[in-house]
Amino acid sequence: MNFWIIVGIIIVSIIVVRKNLAELTKRKQKKLEKICTKIDHDWDGCKCFRCGKVRDEQHDWEGCICNRCGKDRHDWGDCECKRCGKVHDWIGCKCIRCGQEHHDWGEGGAHYHDVAGGHGGCTIYYYCNKCGAMKSEDTM
Ligand SMILES: [Zn+2]
Ligand SMILES: [Zn+2]
Ligand SMILES: [Zn+2]
Ligand SMILES: [Zn+2]
Ligand SMILES: [Zn+2]
């Protein structure tokens with residue numbers, strides 16, 4: 001048999017096996033959920049052992065974060081949690097509550113000499129190591 005035909009058959013069978021596996025885990029998950037609706041979930045705190053469903057009860061709090069499902073219970077007052085003392089709710093470099101930003105500005109990158117503009121110094125560009133935001137500073 002031609003070498004490439006064999007390779008082709010192998011690739012196709014890998015794809016088929018993968019598809020079946022995905023289908024199988026999906027079916028398994030459905031089966032578990034069915035058991036759960038029939039005989040109720042097997043709760044381990046806030047999470048079901050069997051199907052992985054999460055309920056808003058009996059969380060396993062460590063500070064303000066649930067160890068099992070990751071839910072938080074911060075009690076925000078002016079961007080400081082009254083319960084655990086956490087300050088700001090950062091998503092990336094920005095606080096989703098007050099909009100404050102805390103970038104990790106790296107070393108000054110490109111220098112741009114401002115000859116024509118007339119402030120007589122140069123502009124230095126900084127980039128955030130985390131999100132890639134940019135700021136510039138004029139030096140005299
Ligand atoms: Zn369940
Ligand atoms: Zn939880
Ligand atoms: Zn908190
Ligand atoms: Zn904030
Ligand atoms: Zn940033």
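A residue of this predicted model counts as buried if 20 or more other C-beta atoms lie within 10 Å of its own, as exposed if 12 or fewer do, and as partly exposed in between. By that count, 2% of the 140 residues of the protein chain are buried.

**Figure 1. The whole protein chain, with one helix and eleven strands.** Starting at the N terminus, the order of elements is α-β-β-β-β-β-β-β-β-β-β-β. The radius of gyration is 27 Å, whereas the globule rule gives 14 Å for 140 residues, so the protein chain is more spread out than a compact globule. Along the principal axes, the C-alpha atoms fill a box of roughly 75 × 65 × 20 Å. Among contacts with a separation of 6 or more, 10% join residues that are 24 or more positions apart.

**Figure 2. The four domains of the protein chain.** Domain 1 covers residues 1-40 and domain 2 covers 43-73. Domain 3 follows at 76-103, and domain 4 takes in 105-140. Between the C-alpha centres of domain 1 and domain 3 the distance is 44 Å.

**Figure 3. Confidence along the protein chain.** The mean pLDDT is 87, and 90% of the residues reach 70 or more. Where is confidence lowest, and where is it highest? The lowest mean, 67, belongs to strand β9 (residues 111-113). The highest, 96, belongs to strand β4 (residues 65-66).

**Figure 4. Helix α1, residues 3-39.** How far apart should the ends of this helix be? With 37 residues at 1.5 Å a residue, α1 should span 54 Å. Its end C-alpha atoms are 54 Å apart, which agrees with that expectation. The helix is hardly covered, since zero of its 37 residues count as buried. Aspartate 40 comes just after α1 and has a positive phi of about 75°. Most residues other than glycine have a negative phi.

**Figure 5. Aspartate 78, in the loop between β5 and β6.** Strand β5 spans residues 76-77. Is aspartate 78 buried or exposed? Aspartate 78 has 8 other C-beta atoms within 10 Å. The cut-off for an exposed residue is 12 or fewer, so aspartate 78 is exposed. The phi of aspartate 78 is positive, at about 55°, although this residue is not a glycine.

**Figure 6. Histidine 88, in the loop between β6 and β7.** The loop has β6 (80-81) on one side and β7 (90-91) on the other. Histidine 88 has 18 other C-beta atoms within 10 Å and is therefore partly exposed. Which residues does histidine 88 touch, leaving aside those up to four places away in sequence? They are Cys79, Cys95, Arg97 and Gln100. Glycine 77 is eleven residues from histidine 88 along the chain, and their C-alpha atoms are separated by 9.9 Å. Histidine 88 is a residue other than glycine with a positive phi, near 65°.

**Figure 7. The hairpin of β10 and β11.** Strand β10 (residues 122-127) runs antiparallel to β11, and six bridges join the two. Tyrosine 127 stands opposite methionine 134 in β11. Another pair is tyrosine 126 with its bridge partner lysine 135. Six residues lie between the strands of this hairpin, in which glycine 132 has a positive phi near 85°.

**Figure 8. Strand β11 and lysine 135.** Does strand β11 (residues 134-139) lie in the open or is it buried? Zero of its six residues are buried, so β11 lies largely in the open. Lysine 135, in strand β11, has 11 C-beta neighbours inside 10 Å and therefore counts as exposed. Histidine 102 is 33 residues from lysine 135 along the chain, with 13 Å between their C-alpha atoms. In a regular strand the side chains alternate between the two faces of the sheet.

Conventions
Residues numbered from 1 in each chain as written. Chains lettered and ligands numbered in written order. Predicted model: local features only at pLDDT ≥ 70, side-chain atom pairs only at ≥ 80, totals over all residues. Helix = DSSP H or I, 4+ residues; strand = E, 2+ residues; numbered from the N terminus. Rg over C-alpha atoms; globule rule 2.2 N^0.38 Å. Contact = placed C-beta atoms within 7 Å. Domains from an automatic or database assignment. Expected span 1.5 Å × (residues − 1). Pairing = 2+ DSSP bridges. pLDDT = per-residue confidence, 0-100.
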